[in-house]
Amino acid sequence: MNLVAVYSSDDNYAQHTGVSILSVLENNKHFDEINIYLIDNEISNLNRDNLVSICKSYKRKINFIDFNKYKDMLKLNMQWNISISSYARLFIGTMLPQNIDKALYFDCDTVIVDKLDKLWNTQMNDYYVAGVADTVSTSTKLAVGINKDANYINAGMLLINLKKWREDNIQEKFIEFIDSKNGSVIHHDQGVINGVLYKKSKILKPSFNLMTVYYTMKREEMISYYGIDGDFYSEEEIQESLKKPVYIHFTPGFTTRPWVKG
């Protein structure tokens, strides 16, 4: 069984990317092959060497993809509160070798704490993407052109049907969507992914992208604070995921990140 995992990082997040990659390798030694692809937004030689060293210690390979030639395809018009590296996931269908039909995209601010078999073997059928539902309001959904009952996933963990992305020119549709919003999309690339793919996105249980909010808020508080109108995970689903997470995602909000001193 072969696993394909994709990250995107600049030099500032290279250390955190290394932690996440190590957590994948440490908890998934049973895979025959694990190929890591890192979309490289000007990572220093020193940090590149450190990342190569991590993968070599597990006898795995890391492949660097230069993001520079893709940046010019983005016509963005917004105030930045994230790195442009986040937008790199929109180009994965072109970036990865054409013989790779599916991939897992992982954010840098994560740790993988269990085996990825169940996630990797999720049946995709006609879905473009699978992910965990995000805590968003109806107004956020409406801002990207979808209704309150539509699926809206957090893009920090994506199981991507690359074959279908390529067949249906999804990369081109992403760019057209950004242009239709004059380069300003709420939630940045996450808003783009949901605005384009919501009709064929699959919702997974929270354990596959257990965000900080699940540790800091009760279910009722999340629904109230974020103004969630549509369906949301049951208390049972949330508690089950908290007891046995697979993927922990250190999203900001009411607390800071583990690497911030103090």
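Helix 1, which covers residues 14-27, packs against helix 2, which covers residues 45-57, at an angle of about 5° and with the two axes 10 Å apart. Because angles under 35 degrees count as roughly parallel, helix 1 is described as roughly parallel to helix 2. The model is predicted, and the points below take up this helix pair, a small set of paired strands and one buried threonine.

**The helix pair**
- In general, two packed helices are described by the angle between their axes together with the distance between those axes.
- On the side of helix 1, the contact is made by Ala14, Thr17, Gly18, Ile21, Leu22 and Leu25, while helix 2 contributes Asn47, Leu51, Ile54 and Cys55.
- Sorted by class, the residues in the contact of helix 1 with helix 2 are seven nonpolar and three polar, with no charged residues.

**The sheet**
- Three strands form an open sheet in the order 5-10-9, and the pairing within this sheet is mixed.
- Strand 5 (110-112) and strand 9 (210-211) are the edge strands, each of them pairing on one side only.
- Strand 5 runs antiparallel to strand 10 (residues 247-249), and three bridges join the two.
- Valine 111 has isoleucine 248, in strand 10, as its bridge partner.

**Threonine 138**
- Threonine 138 lies in helix 6, which spans residues 138-143.
- Its relative accessibility is 17%, and threonine 138 therefore counts as buried, since the cut-off for that class is under 20%.
- The side chains of threonine 138 and aspartate 229 are joined by a polar contact of 2.4 Å.
- Leaving aside residues up to four places away in sequence, threonine 138 touches Lys148, Gly227 and Asp229.

Conventions. Residues numbered from 1 in each chain as written. Predicted model: local features only at pLDDT ≥ 70, side-chain atom pairs only at ≥ 80, totals over all residues. Heavy atoms only, no water. Pairing = 2+ DSSP bridges. Helix = DSSP H or I, 4+ residues; strand = E, 2+ residues; numbered from the N terminus. Buried < 20%, exposed > 50% of the residue type's maximum accessible area, 1.4 Å probe, protein only. Polar contact = N/O pair within 3.5 Å; in protein donor to acceptor, adjacent residues only side chain to side chain. Contact = heavy atoms within 4.5 Å. Axes fitted to C-alpha atoms, helices over the stretch in contact; angles between N-to-C directions. Parallel < 35°, antiparallel > 145°, perpendicular 65-115°, else oblique. Nonpolar A, V, L, I, M, F, W, Y, C, P; charged D, E, K, R; others polar.
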